[in-house]
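I'm opening a fresh page on a structure I haven't met before. I'll jot down what I look up as I go.

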Amino acid sequence: MSAGPTSSWFETPVSNAEVADCRVEPFDGAADLDGILAVEAASFTNPWTRAMYEWELQNRSVCHILVVRTPECRVAGFCAFWLVVDEIHINNLAVLPEYRGRGFGTRLMRRVLTEGRRLGATRSTLEVRASNEPARRFYEGLGFRATAVRKHYYTNPVEDALILWREPEHAANTIPETE
Ligand SMILES: CC(C)(COP(=O)(O)OP(=O)(O)OC[C@H]1O[C@@H](n2cnc3c(N)ncnc32)[C@H](O)[C@@H]1OP(=O)(O)O)[C@@H](O)C(=O)NCCC(=O)NCCS
């Protein structure tokens, strides 16, 4: 796998000035992938594999990954998303259990939304397990709204997915996207 990101916006510095205890940064090669796989294993019953990420990372014009770093942890969280024309498709997002509840996920998503908007995205979507109350509240706070249900979408255990969308009008009173 190639070591570094190729998309121009990954190389654009974005201020982390307000972030005292974590930084959101672009994916930076194999060591980040090891960290992402550790976050996956700690967060999901069906974690994505290294092979799945390596396949994704072959198409860097569509697949983007941002990671949350702390002074002591190279990858405390991450978000993998696609940019499809004017839409952000969130594929995976997680924070290590020991770092949850500190606002890291919010900082990460703000950055994802900011970068997506900079690349031309006007709306964002994702699927979430119907029983995943923490994540549902998390996304609701960021302006996402449930619009449909995909029956039996998940396995291990089998469960419905809620399809969430964040439309510009939903975003109006949620967290600003600038950092
Ligand atoms: C969802 C997740 C990424 C949130 O990350 P986080 O860093 O803990 O989130 P934040 O600290 O920024 O929390 C932001 C808001 O989310 C909601 N939230 C987060 N954790 C919550 C919990 N356990 N219960 C209820 N609401 C919760 C709250 O509204 C919170 O705002 P508040 O702190 O003002 O109450 C994290 O819980 C996680 O990694 N979960 C496992 C993986 C997962 O489910 N990913 C989503 C798949 S679609």
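**Notebook: around α4 and the ligand**

I began just after α4, where Gly143 takes a positive phi of about 95°. Helices here are DSSP runs of H or I with at least four residues, strands are E runs of at least two, and both are numbered from the N terminus.

Before going on, I noted that residues are numbered from 1 along each chain as its sequence is written. I also noted that this is a predicted model, where local features need pLDDT of at least 70, side-chain atom pairs count only at pLDDT 80 or more, and totals for chains, interfaces and linings use all residues, while side-chain values use heavy atoms and leave out hydrogens and water.

*Whole chain.* I counted 5 helices and 7 strands in the protein chain. Along the sequence I read the pattern β-α-α-β-β-β-α-β-α-β-β-α. Of its 179 residues, 46% count as buried (under 20% relative accessible area; exposed is over 50%, partly exposed in between, with a 1.4 Å probe and protein chains only).

*Start of α4.* Here I found a side-chain oxygen of Asn132 within 3.2 Å of the backbone nitrogen of Ala135.

*The loop before it.* I looked up Ala130, which is in the loop between β5 and α4. Is Ala130 buried or exposed, or partly exposed? Ala130 counts as partly exposed because its relative accessibility is 25%. I then checked Ala130 against Val149: they are 19 residues apart in sequence, and their C-alpha atoms are 8.7 Å apart in space.

*The ligand.* Which residues are closest to the ligand? They are Leu93, Gly101, Gly105, Thr106 and Asn132, out of 19 that surround the ligand (a heavy atom within 4 Å). By class I get 10 nonpolar, 5 polar and 4 charged residues in that shell, with Gly put among the polar ones.

*Backbone contacts.* I found oxygen atoms of the ligand 2.8 Å from a polar backbone atom of Val95, 2.8 Å from a backbone N or O atom of Gly103, and 2.8 Å from a polar backbone atom of Gly105. Taken alone the ligand exposes 930 Å², and the protein buries 68% of that (Shrake-Rupley method, 1.4 Å probe).

*Who lines up around it.* β4 (87–95), α3 (104–118), β5 (123–129) and α4 (133–141) each give two or more residues to the shell around the ligand. Which element gives the largest share? I found that α4 does, with 5 residues.

Key: Polar contact = N/O pair within 3.5 Å; in protein donor to acceptor, adjacent residues only side chain to side chain.
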